[in-house]
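User: I'd like a close look at one part of this model, please. Could you take me through the sheet strand by strand, and then through what else in the structure helps me read it?

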Amino acid sequence: MEYISTRGKVEPIGFIDAILMGLADDGGLLVPKHIPQLSADTLQKWQQLSYSELALEIFSLYVNNEIPRNELKQLVDDSYATFRDDAVTPVKRLNDGTYVLELFHGPTFAFKDIALQFLGNLYSYVSRKTNSIIHILGATSGDTGASAIEGVRGKEGIRICILHPHGKVSKVQELQMTTVDDANVLNLSVEGTFDDCQRIIKELFADVEFKHRYHLRAINSINIARILAQTVYYFYAYFQLAKNNQAEKVNFSVPTGNFGDIFAGYLAQKMGLPIHKLILATNENNILERFVQDGVYQPGAFRGTHSPSMDIQVASNFERYLFYLYGEDAQAVSATMDQFKAEGRVVIPADKLQAVQADFAAYGVQNEECLDTISEYYEKYAYLLDPHTACGVAAADKLAVDGELTVALSTAHPAKFDESIRLRSIEQTYPQQIQALFDKPQFQTVVGGTNDEIKDQLVKFF
């Protein structure tokens, strides 16, 4: 297994080099040179596996023995031993047609833990094995930061700097990041939006000389290891329904901001998992919905919503999907991304739009509709949705078809977004780990949104 860039100007590299490179040195994103194909017989055998056993099988396909199997198993077991539910990602039934895949049982109560507990341990492993310096740089719209920090805090040989948009994450998300007082952690609160933070990250990683001089490594979903880790729970959820003979036509509805989580589902489907439909659920920042409907990818005005982790206009993983949409033609992808950089928009031809609409359905959830869904499911089923999961459930309801099952990805514990939930006069009890955050001091530096200001902070920290 080798990894190549969506823009075609990086020689094929192995798994460890791929996770260390993060963003490809030509500005593209790394993808597997080929996607492993799974037989029906393999899928049948995998149905009986635990989550960690399944993760080991899937990672083994992509690691190519660069990590001995017994050591990879230890990494996987250590990563998922921190989860509060034995199933890691349990599937819960809401009604006859709708299930939720609970992805929030990790240390920071968010789906990002599933990939970042593994990636944190993986970076620590690589640092020890290769005696290399790991300086992690990431941006967060809320959940990635806390999960990434939790994954590497206190670990020898690793430093981590996380950028988040000042005042634009929930209070719990902010506290989970900024109450960490470890010498290897730096939180930068950036005056701007998440898109500004993400742009800075990509531009600093694209500065190859700076990236190499300061040993910068990626924790965001530009890192292919993030995507691979997230494919596992699509398989696991499908198998839980298949065991009960419920897997006739199974859809997944995915709250989507950066396109990483739904791209993991797309990858699972291309590996052979018989997903019927991938539903892309957005909020009022609905650039991706418009792309699926009209074939136009163009950022609009930023909208602050009740689902702030999805308040994203430019989806960093979109380029990976373009690579497959254009038949793995790196030249076409480069031209398309150059056009986007120059004109601020991409328009795809009719035949490509037809392919997009075969791959995805999409629905943009309005702010009040999100809150209505929280109220409805709480009243009908005594199940409390966080506002991002509510977008996934609302999209599932909107696009539901009789005789199909839809699994909505539940991306965070509702305690992380109490500001939104209180708008519907719903009281909840915080888990003890979250309640304790409110009594801790915070450690963060507020900075302007320019590359040079961030660089200055990094040089001092690293």
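Analyst: Happy to; what follows goes through the five-stranded open sheet, then turns to a second strand pair, the aromatic rings and a few single residues.

Please keep in mind that this is a predicted model. The sheet is open and has five strands, which pair in the parallel sense in the order E8-E5-E6-E7-E15. Its edges are strand E8 (216–218) and strand E15 (445–447), each of which pairs on one side only. From one strand to the next, the twist averages 30°.

Let's start at the E8 edge. Strand E5, residues 134–139, runs parallel to E8, and three bridges join the two. A handy place to find this pairing on screen is His135, which stands opposite Leu216 in E8.

On to the pairing of E5 with E6. These two strands run parallel and are joined by six bridges. Here you can look for Ile136, whose bridge partner in E6 is Ile160. To get from E5 to E6, the chain passes through helix H6 (residues 143–152), and this β-α-β crossover is right-handed.

Strand E6 (residues 158–165) deserves a pause. Seven of its eight residues are buried, so the strand is largely enclosed by the rest of the structure. Burial here means a relative accessible area under 20%.

E6 also pairs with strand E7 (residues 185–190), in the parallel sense and over six bridges. His164 marks the spot, with Ser189 as its bridge partner in E7. The chain gets from E6 to E7 through helix H7 (residues 171–178), again in a right-handed β-α-β crossover. Following the sheet order past E7 brings you to E15, the edge strand at residues 445–447.

Now for a strand pair to set beside E6. Strand E10 (residues 277–282) and strand E13 pair in the parallel sense over five bridges. Ala281 is the residue to find here, as it stands opposite Tyr363 in E13. Five of the five residues of E13 (residues 360–364) are buried, so E13 is largely enclosed by the rest of the structure. In a regular strand the side chains alternate between the two faces of the sheet. In E13, both faces are covered: Phe360, Ala362 and Gly364 are buried on one side, and Ala361 and Tyr363 are buried on the other.

Phe360 leads us to the aromatic rings. Ring pairs link it into a cluster with Phe259, Phe263, Tyr266, Phe291, Tyr297, Phe318, Tyr321, Phe323, Tyr324 and Phe340. Across the model, the count comes to 28 aromatic pairs. One of them joins Phe291 and Phe318: their ring centres are 4.8 Å apart and their planes stand at 90°, so the pair is edge-to-face. This pair links distant parts of the chain, since Phe291 sits in helix H12 (residues 287–294) and Phe318 in helix H13 (residues 318–325), 27 residues apart. Phe291 is buried, at 3% relative accessibility, and Phe318 is buried too, with a relative accessible area of 2%.

A further ring pair is made by Phe461 and Phe462. Their centres lie 5.2 Å apart with the planes at 45°, so this pair is tilted. Both Phe461 and Phe462 are buried.

Charged side chains also meet rings in this model. Arg84 lies over the face of Phe109, at 3.7 Å from the ring centre. Lys352 lies over the face of Tyr326, at 5.1 Å from the ring centre.

Finally, two residues from the helices and loops early in the numbering. Gln47 lies in the loop between helix H2 (40–46) and helix H3 (51–63). It counts as buried because its relative accessibility is 12%. Leaving aside residues up to four places away in sequence, Gln47 touches Phe239, Ala242 and Lys243. Glu53 is placed in helix H3, and at 42% relative accessibility it counts as partly exposed. Glu53 and Val76 are 23 residues apart in sequence, while their C-alpha atoms are 8.4 Å apart in space.

To come back to your sheet: the order to keep in mind is E8-E5-E6-E7-E15, with parallel pairing, and E6 is the strand with seven of its eight residues buried.

Terms used
Residues are numbered from 1 along each chain as its sequence is written. This is a predicted model: local features need pLDDT of at least 70, side-chain atom pairs count only at pLDDT 80 or more; totals for chains, interfaces and linings use all residues. Side-chain values use heavy atoms; hydrogens and water are left out. Two strands pair if DSSP finds at least two bridges between them. Helices (H or I, at least four residues) and strands (E, at least two) are DSSP runs, numbered from the N terminus. Axes are lines fitted to C-alpha atoms, for helices over the stretch in contact, and angles run from 0 to 180 degrees between N-to-C directions. Buried means under 20% relative accessible area, exposed over 50%, partly exposed in between (1.4 Å probe, protein chains only). Contact means heavy atoms within 4.5 Å. A crossover is right-handed if, with the strands pointing away from the viewer, the path from the first strand over the helix to the second runs clockwise. Rings of Phe, Tyr and Trp (its six-membered ring) pair if their centres lie within 6.5 Å; planes under 30 degrees apart count as stacked, over 60 as edge-to-face and the rest as tilted. A charge sits over a ring if NZ of Lys or CZ of Arg is within 6 Å of the ring centre and within 35 degrees of the ring normal.
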